[in-house]
Amino acid sequence: MSANQVNNLDVVVLGAGFSGLYMLHRLREAGFSTRVYEAGDGVGGVWYWNRYPGARCDIESIYYNYSFSEELYQEWNWTSRYPDQPEILRYLNYVADKFDLRRDIQFKTRIIAAHYDEKMNLWNVKLNDGTSVSAKYFISGAGCLSSANLPNFKGLESFKGEWYHTGKWPQEKVDFKGKRVGVIGTGSSGVQAIPVIAKEAGHLTVFQRTPQYTIPARNHLYDPAFIKQTKENFAEIKRLMRETDTGNGLQIRNISALSDSPAKRRELFEKVWEEGGFGLTSSYNDFLINEEANHTVSDFIRSKIKEIVHNPETAAKLLPDYYFGTKRPILDSGYYETYNRENVTLVDVKEAPIIEITPNGLRTIDGEYELDIIVFATGYDGMTGPLFKMDIRGKGGMSLKEKWEGGSMVRSYLGLATSDFPNFFMITGPESPSVLVNMPSAIEQHVEWIIDCLEYLREKGVDAIEPTVEAEEAWSKHCREVAEATLYVKTESWYTGANIAGKPRSFLIYLGGFVHYTQKCNEVAASGYNGFTLSTIKALR
Ligand code: NA7
């Protein structure tokens, strides 16, 4: 039988990133026949595609890994505080080899559609090679940020130079040496790539729409003694990953920014700035719910920008004015300093928007910039984007996109499942804590909940599971209410969908805390899946 002719599987899993790999491992261990489909020609998910210069994780490496296997944790040695993309990819390849995962993964294959057949209680999954497979369960490990956003600029096809998107970077090295390079976008990807490209390019022009707050990462190599110590403390690392709200080792100090004097606050901010990393974000507990508290930290970062950037006009353009933390915070390695280089120019495209890409470069309202290479660091259609890229259809042939009205009416139960789409699960789906928790932590919690659920259904002879409309209405309402009480919703960001032209605004990340969320998921499981309808074939017919 060819690899493409697989039928009547128990489970089809989409994607071989952190989610898909662990899901496959657990499903196989539990005896479910499973096949994973992955568009890339290797494992890694976002870490497979994001090969742009400077790509690095901004969660400390000792937490940015799986915790399900102590043996794995003991075997793997991270080399630095913040792992770069090649190292993370090596880690995920190591995981795939250790657990012999590749034999159930079909690479270079994209799932283009998944339709639920009510009569057969099966998911028919169509692949881009023209074949299809069927399975009882369909599980998406598509992730939250895998649908690259390439803005619809007029004239891109006429551009005579090379262009790349950070989220779909080629495997070969891109040669910037002596070239005139333009980078569009200053989110995490742009902020990481810009200092590295600047060192190589002849001239770099950065096209910035919104200035960002970024904090020095102060990455460094790990001392082997430190790694040894973390391995000895595996139980504690695992606890921090699974039983705290950040999941990344950071403990948010339970004190308001306004309860300290300005001098004491400044002293703390200076200290955590020097240490680097997200210590600044966790220095007080009310940055995201209190405007005044937020001003204390945003004023501090603005003062740092003015200190670092020599040219006052450039510094002024780099000053952000949104609430710190309401766009994804960023760690950098020499980002603001890069603007002191003679070969770097900053262009404000909010003031003078990009009109078109021309054969020789790019034109804004103010004029044309000649470029040899354009780098689109323009981010992703987040949260719903990866799901809407496929034609997922549930009962009555209704598509997920229709049900969720293009993103304006997302309704899920716990961000794990949605009504009328039986036996369909989303790992870190919309309305789960997802990107606001350390991703491996959020992923392990979801995978383990799903596997427990499937084992329960098998044991009880249940054929189909889906949330009730009431349960998902209540969960979605709760999600919206929690988000509305924060400053997040006051900022245009990819969290709210505002980065994509025409995308409906909604806040699809659960902000009630990972600890509380995990507890809620556990309670649902312990109750025999309250809020879900469990049916047998007899009832389905
Ligand atoms: P982000 O954070 O969404 O950043 C994308 C950047 O591209 C951001 O500065 C955008 O400006 C800019 N952008 C997007 N569209 C345009 C157009 N049409 N014109 C000009 N500029 C544009 O994506 P990243 O890849 O950097 O990071 C994604 C996540 O990956 C990150 O948050 C981490 O969680 C890891 P805007 O701010 O929207 O005005």
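## A tour from helix crossings to the ligand

The crossing of H8 and H9 is right-handed, and that is where we begin. One thing to keep in mind as you click around: this is a predicted model.

**Stop 1: H8 and H9.** Select residues 262-275 for helix H8 and residues 291-308 for helix H9. Turn the view until you can see both axes: they come within 11 Å of each other and cross at roughly 60°. Angles under 35 degrees count as roughly parallel and 65 to 115 as roughly perpendicular, so H8 and H9 end up oblique to each other.

**Stop 2: H1 and H14.** Next, pick residues 18-29, which make up helix H1, and residues 439-460, which make up helix H14. How far apart are the axes of H1 and H14? They sit 10 Å apart, and the helices pack at an angle of about 30°. That angle falls under the 35 degrees cut-off, so H1 and H14 are roughly parallel to each other. Their crossing is right-handed.

**Stop 3: the ligand and its shell.** Now select the ligand and show what lies around it. You should find 19 residues surrounding the ligand, with Thr186, Ser189, Arg209, Thr210 and Lys327 as the closest. Try colouring this shell by residue type: 7 are nonpolar, 9 are polar and 3 are charged.

**Stop 4: contacts with ligand oxygens.** Zoom in on Thr186, where a polar backbone atom is 2.9 Å from an oxygen atom of the ligand. Then move to Lys327: here a polar side-chain atom lies 2.9 Å from a ligand oxygen. Finish with Ala377, which has a backbone N or O atom 3.2 Å from an oxygen atom of the ligand. Before you leave, switch on a surface: on its own the ligand has 790 Å² of accessible area, and the protein covers 87% of it.

Methods:
Residues are numbered from 1 along each chain as its sequence is written. This is a predicted model: local features need pLDDT of at least 70, side-chain atom pairs count only at pLDDT 80 or more; totals for chains, interfaces and linings use all residues. Side-chain values use heavy atoms; hydrogens and water are left out. A residue is near a molecule or strand if one of its heavy atoms lies within 4 Å of it. A polar contact is a pair of N or O atoms within 3.5 Å; within protein, one must be able to donate a hydrogen and the other to accept it, and residues adjacent in sequence count only if both atoms are side-chain atoms. Accessible areas come from the Shrake-Rupley method with a 1.4 Å probe; for residues, only the protein chains shown count as cover. Ala, Val, Leu, Ile, Met, Phe, Trp, Tyr, Cys and Pro count as nonpolar, Asp, Glu, Lys and Arg as charged, and the others, Gly among them, as polar. Axes are lines fitted to C-alpha atoms, for helices over the stretch in contact, and angles run from 0 to 180 degrees between N-to-C directions. Helices (H or I, at least four residues) and strands (E, at least two) are DSSP runs, numbered from the N terminus. Angles under 35 degrees count as roughly parallel, over 145 as roughly antiparallel, 65 to 115 as roughly perpendicular and the rest as oblique. A crossing is left-handed if the near helix is turned anticlockwise from the far one by less than a right angle, and right-handed if clockwise.
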